[in-house]
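Colleague: I would like to go through this model with you, starting with the interface. Please show it first.

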Amino acid sequence: MKLLPLLVLFTTLLKTHCVNIEENAGQFFSSGHTNNWAVLVCTSRFWFNYRHVANTLSVYRSVKRLGIPDSHIVLMLADDMACNHRNPKPATVFSHKNMELNVYGDDVEVDYRGYEVTVENFLRVLTGRLPPSTPRSKRLLSDDRSNILIYLTGHGGNGFLKFQDSEEISNVELADAFEQMWQKRRYNELLFIIDTCQGASMYERFYSPNLMALASSQVGEDSLSHQPDLAIGVHLMDRYTFYLLEFLEDIHPASKTNMNDLFKVCPKSQCVSTPGHRTDLFLRDPASVLITDFFGSVRKVEITREAVNLSDPIEQEQESPMNDDEHGKVFSYADQLPVSEIIHQKPKQKDWHPPDGFILGLWTLILLVFFRTYGVKHLKHIF
Amino acid sequence: MKPRDEGSSLSGLLRYRGQQDGLLTRLNAPICAVCYFAGVAWFMGLAFEPFTLRTYMSENAMGSTMVEERFPSGERALATGREFAAHKKRVGGMPVDWLVKTMQARGLEVFTQSFSRTLPFPDENKERFMVKGTNVYGILRAPRAPRTEALVLSAPCSPGDNNNQAVGLLLGLAHYFRNQIFWAKDIIFLVNEHDLIGMQAWLEGYHHTNTTGMDWSPLQGRGGSIQAALSLELSSDVITSLDIVLEGLNGQLPNLDLANLFYAFCQKIGVLCTIQGKLQRSDWDSVSGYSQAVQTMMLMVLKQASGRPWGDHGLFLRYHIEAATITGINSFRQYKTDTTTIGRLLEGMYRKLNNLLERLHQSYFFYLMPSLSHFVSIGYYMPAFGLLAVILLLRALDLWVQLSAPPPRTEDGIVDVEQSSPGLLSVLTPLVISHLTGAALYMLPIRFQDMAVEHFPVSETEAVVLTAIAVYTAGLALPHNTHRLLSGEGTEQGWRVLKLVAVLYLAVLLGCTALINFSLGFILALSLVPVAAFVTPHVPKVLSAFVLVILSPACTLLFSVFFFQELQEMPVSFQDGWLLYLSVISQGILDHSLYGSLVYPLIALLIYPCWLLFWNILFWK
């Protein structure tokens, strides 16, 4: 007698379990990416910019710990701090004062080092336009199902980032590079993090879909350094990346923390500057985006119930005879993702500038000459 | 005012210009007086604290004082200093062997350099004539860096009981630095004999130049291009304050960042720091506070104007090496600082200099410091000189207008024929004779010292100085004799042309001097610009002759000597002051031949002839 309710209970449990599997399976598909890449760039050299190298290396460490292999990480460091003559602890780069955490370790693979970190190389890596002789470790071999994390740090200003004290990359160039990546289907979703002064200006000009951006400070604010270490004699980290590293230390490959928690990292009380973020180009809701979608490399499993029939041979397609009226037909690419329909961007208001000083000076000169030649008495006719 | 509807007729223009000329001539003297007082007031106002800027570190690579100083062995340094003193007394000079052995024991690469020099005449201040000595230096090689850059720490080997602790601290620091691995530049520890002469020999040997005719042996070991240098002078076991000396040869100053670095570390470690030996005060709005700042600034101005290096560091500046001298002062204060703290301060400074990537160039090279925490840059102090130079230009303009004005008609309408343009000879002759006198003032004292010693019962130094003064005074008698050479009388136009030339010449001279050595240019301008402005043949002769002599370069120097002693709170009686004045002249001549100081040639060959031109104008007939 008791068997029937037990059987009913068992079938309901099985059903709900199946439904759970469906739900879990559904969750697996929610992001749509199959592989993860990371491009981590430190753009400044010289000993007093130790903290930028430490920033990049700490993000590298977190990303590697969460599963992205070295073959999928492009690490660009503009200077070698570990072997700098002034380093009192050679072969180490510390991120916490009192030398608690050595982010250099013994398995760091730097792909672009020293003078190879240039704006041109960075853009070539992003867009894939590298000479054929470039080794695989220096290429970003992403496809349209890759989620890419891009982290930049260094000295920046309103609308630009300084590379190596000799050149700059502007926010327009960066936005165009991302658009090239979109058109060539080089990413599925892209997370852009920048830790420089006035970092928010770098993501102002983005216009490609599926971009999410985070910056350490707004326009007009400076990102501040942290962790002064007296033994080494420099600041070891920047504030934003320091708290970002603390946040990431709590993430493990299976954690379900989402982007909204990332946006809350380093509030103004800790960072002194106001971190900013941009999500309007991103199609999914940030609350449904996991941290590990970008920082980790989680293998996805695709469940299918269809059987694929491999018994029939593949038939060659018959070539149809060419029609004359098909000759003059002009082909064009279909707009696969109508961006302008999806994203409603307000047209940017051009600020009114007063007339140029040169024009003013020229007109003043003309007026002066006029009045000099014809006498000042004409002035009363004007006024 | 002209009626408006006269338009632009020719006569109207001429009348307008005439009025303008009248304006210029009438207002010239008042404007000149106003400019002069404005210039002096501007200069005095430079020391007023709201008009100055706080010092700050400009070099990014040096950053803040964020470094950990761990120098432990001040006592051992003092023991080494006592050992050095004992060996110095035993040898009766520089204990070369002991120094070589000690430096080698500390792991440095040690080399020596011997030098010799015969002074043009004996130096009575330091009692030397034929100088022979040895420099000893040890190089601490950077553990991992290529040998491209170097820093220098030097201490002089002085006779008697001076600077023993400095050498001891130098050796103690060498021992401590050798154990660190973070040096990116070689550090050269130098002990030089006969202070400036030894330093000159070492620098010439290091840079392969020979500008002063000294004899030295080539350097066997070298360390790359020197980025910065510090010279240490410490004569007591404990000190109450540290003084920094910045003025170098020809009034050149090191980059302000070096002084900023010193001040920053003094504040971090808590050592009392002074400049010009004067403490800075925080009550800038009170009279005594302001006068303290003015005194500090005037001391710096006088030291810079003298053109001599006021410490061993002064000779480095010529090679574009930023250098300063740090002196330890032990006076009657309660709080004493020990040697370990001084060692820590130096360690911190060297660690920060180690972080440099290029030579110090971000901060100012031309500045004045009314106190260690405030400075006045060239943009703020140049207008003071500019106001004085404007007087000369106004005078020149006035003379030009007078020269080109139509000649005044006499009563019967005949133009005075004698107002024709003066002969070139009457203008050129005073010029040539003045410059010949200047050349005599430059060359005769040293050349004829032997003859003077034969005929008069004086020593060589006195002979040189007295010959200089004699030639100077002889120049005063020139105008009366020049006119015996020239036939006929000089004309009204003649002296005007000569004065125009002289005024423009003085303006160019003072301008160029002020650009290189502002203090010298300003002090000379203060005395010579009134001379240039008011002298004409028509002013009362006796009074203006007296004023002219008072304002001549020699008397300016005499007053400066007395003023300098007053500022240092060691006022001298007239007797001692006169002897000090004579020694200053001899030191100036010696500096020129030993190190290439340009003050003596400038005054003898250029300023003095210019002043003689004005003297000529005064006695123009």
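Modeller: Buried area is the accessible area (1.4 Å probe) that two parts lose on being put together, summed over both. This is a predicted model: local features need pLDDT of at least 70, side-chain atom pairs count only at pLDDT 80 or more, and totals for chains, interfaces and linings use all residues. Residues are numbered from 1 along each chain as its sequence is written, chains are lettered from A and ligands numbered from 1 in the order in which they are written, and side-chain values use heavy atoms, with hydrogens and water left out.

Colleague: What area is buried between chain A and chain B, and what share do carbon and sulfur atoms give?

Modeller: Contact means heavy atoms within 4.5 Å. Chain A brings 18 residues to it and chain B brings 20 residues. The buried area is about 1500 Å², and the carbon and sulfur share is 59%.

Colleague: Which three residues supply 46% of the area that chain A buries against chain B?

Modeller: No other three residues of chain A supply more. They are His85(A), Arg86(A) and Leu230(A).

Colleague: How many salt bridges are there between chain A and chain B?

Modeller: A salt bridge needs a side-chain nitrogen of Lys or Arg within 4 Å of a carboxyl oxygen of Asp or Glu. Between chain A and chain B the count is 0.

Colleague: Which helix gives the largest share of the largest nonpolar core?

Modeller: A nonpolar core is a set of buried Ala, Val, Leu, Ile, Met, Phe, Trp, Tyr and Cys residues joined through side-chain atoms within 4.5 Å. Here, buried means under 20% relative accessible area (1.4 Å probe, protein chains only). The core has 188 residues, and Phe614(B) is among those that touch the most other members. The largest share, 14 residues, comes from chain B helix α19 (residues 599-618), where helices (H or I, at least four residues) are DSSP runs numbered from the N terminus.

Colleague: Is Asn210(A) buried or exposed?

Modeller: Asn210(A) sits in the loop between β8 (189-195) and β9 (211-215) of chain A; strands are DSSP runs (E, at least two residues). Beyond its neighbours within four places in sequence, its contacts include Trp182(A), Tyr187(A) and Phe282(A). Its relative accessible area is 7%, so Asn210(A) is buried.

Colleague: Which backbone oxygen does the side chain of Asn210(A) reach?

Modeller: The distance is 2.9 Å. The oxygen belongs to Asn188(A).

Colleague: What part of chain B is buried?

Modeller: Chain B has 19 helices and 12 strands. Of its 621 residues, the buried part is 55%.

Conventions:
Buried < 20%, exposed > 50% of the residue type's maximum accessible area, 1.4 Å probe, protein only. Polar contact = N/O pair within 3.5 Å; in protein donor to acceptor, adjacent residues only side chain to side chain.
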